[in-house]
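Biologist: Could you take me through one part of this model at close range? I would like to hear what surrounds it and how the neighbouring pieces meet it.

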Amino acid sequence: MAEGYIAVLCMAAATFTTRAAGPWLLQRITLPRYLNTVLEYLPGTIMISLVAAQVSKLPTQEWPAVAVALLVGFRTKNVFLTILVGVLAVYVIRNI
Amino acid sequence: MGAKFNKQATGQVPSQPQLLPSDSVTFGWAGFFKGFRATLTIALCVAAYGMLYGMLAKQQELPFGEAIAMSMIMFAGAAQLIVVKMWADPVPLIALTVTAFVVNIRYVLMGATLHPWIRDLHPVKKYVSMFFLVDESWALTLTGLKNDLKDFAFLCGSGFCIYIAWALSSVAGYVLASSIKDPEALGIDFAFIAVFIALAAGLYRTRVDLLPWVVAGVVAIAAAHFIPGSWYIIIGSLAGSAVGAMRHG
């Protein structure tokens, strides 16, 4: 039964490698200016890639909930409110 | 956001303009607790899909120990939700490890974006902090660092808050798996998307981000459609960032 734990350890090691790799590599490599600028844009583009792909998998009738969450999110920049409104909207859509 | 010239530790001006903050970060309990407090709301949402993970793990017949160990040692929500569906007897060790690595490859980019601030941070502090790098703690920390945050232990506190929520909700989900019939009817899975929408809003930097983000979104959706796995994150983000950086010449 230990092989389950071995799998967990291996996956954990692989995961930590991804977490450490960024700082570790950049400590040793100097990026050209263009790539430094790419790095500047990465936070937003990573996040939006995550959001966009997740949203595209939702059924179309739930997209209004996404629209509402986007509106509240960008207007208020309040995490709690965004989540509250978004989950409520989805609940309404799915149960009515 | 213009380029700044900075003296490096050796006292020499770098030969190319680098976008570096002028101060190094500090690292202390103040930052830790600040990060912890800032993440409480998000931790609640993480708890929601932590429960989903726990329930899924039970359904997939993972033993309790392994399921919870995954949450506590691997600590990677999206990856866990994916690998748990791959669980079998005997355990496909290589497939699981490779999947875990690939799904989490976005952490390489995320860690890289933090480099400008933590270049000179002591390695122990730096790499212990990296354990607490998850999507949410990273986004909050980065947003903070770009504003007035100076204490990098913020990442640890933020990640630790999520860690507790994730571990506890994994247990709760596993234990309660048979009791909750239809979590999707409650809209719990939408919490995942809502969190990221909120984080994206925090990262938005006025019009300069509009085109790169649109490109990233479109490419990510296309990539997600055609390429299995989580490659869409890397492909979408690099495409959008490449477009954004190209405009600077």
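Modeller: Happy to; here is a look at helix 10 of chain B and its partners, with a few other parts of the chain for context. Please keep in mind that this is a predicted model.

Let's start with the setting. Chain B holds twelve helices and zero strands, so to place helix 10 we need only look at how helices meet. Of the 249 residues in chain B, 53% are buried. Among contacts in chain B with a separation of 6 or more, 72% join residues 24 or more positions apart.

Now for helix 10 itself, which covers residues 190–203 of chain B. One partner comes from its own chain: helix 2 of chain B, residues 40–59. The two axes come within 9 Å and cross at roughly 150°. Angles over 145 degrees count as roughly antiparallel, and these two helices are therefore roughly antiparallel to each other. Their crossing is left-handed. On the helix 2 side, the residues that meet helix 10 are B:Ile42, B:Cys45, B:Ala48 and B:Tyr49. Helix 10 answers with B:Ala191, B:Phe192, B:Val195, B:Phe196 and B:Leu199. By type, this contact between helix 2 and helix 10 of chain B has nine nonpolar residues, no polar and no charged.

Another partner comes from chain A: helix 4, residues 79–95. Helix 4 of chain A packs on helix 10 of chain B at an angle of about 145°, with the axes 9 Å apart. This crossing is right-handed. Chain A brings A:Val79, A:Thr82, A:Ile83, A:Gly86, A:Val87 and A:Val90 to the meeting. From helix 10 of chain B come B:Phe190, B:Ala191, B:Ala194, B:Val195, B:Ile197 and B:Ala198. The residues here divide into ten nonpolar, two polar and no charged. B:Ala191 and B:Val195 take part in the contact with helix 2 of chain B and also in the one with helix 4 of chain A. In general, an α-helix has 3.6 residues a turn, so residues three or four places apart point the same way.

Contact with chain A also turns up elsewhere in chain B. B:Ser241, in helix 12 (residues 231–246), touches A:Val38, A:Tyr41, A:Leu42 and A:Thr45. B:Ser241 is buried, with a relative accessible area of 0%.

Finally, a word on helix 6 of chain B, residues 106–118. Helix 6 reaches 19 Å from its first C-alpha to its last, close to the 18 Å expected. Twelve of its 13 residues are buried, so helix 6 is largely enclosed by the rest of the structure. Among those buried are B:Arg106, B:His115 and B:Trp117.

Key:
Residues are numbered from 1 along each chain as its sequence is written. Chains are lettered from A and ligands numbered from 1 in the order in which they are written. This is a predicted model: local features need pLDDT of at least 70, side-chain atom pairs count only at pLDDT 80 or more; totals for chains, interfaces and linings use all residues. Side-chain values use heavy atoms; hydrogens and water are left out. Helices (H or I, at least four residues) and strands (E, at least two) are DSSP runs, numbered from the N terminus. The expected span of a helix is 1.5 Å times one less than its number of residues. Buried means under 20% relative accessible area, exposed over 50%, partly exposed in between (1.4 Å probe, protein chains only). Contact means heavy atoms within 4.5 Å. Axes are lines fitted to C-alpha atoms, for helices over the stretch in contact, and angles run from 0 to 180 degrees between N-to-C directions. Angles under 35 degrees count as roughly parallel, over 145 as roughly antiparallel, 65 to 115 as roughly perpendicular and the rest as oblique. A crossing is left-handed if the near helix is turned anticlockwise from the far one by less than a right angle, and right-handed if clockwise. Ala, Val, Leu, Ile, Met, Phe, Trp, Tyr, Cys and Pro count as nonpolar, Asp, Glu, Lys and Arg as charged, and the others, Gly among them, as polar.
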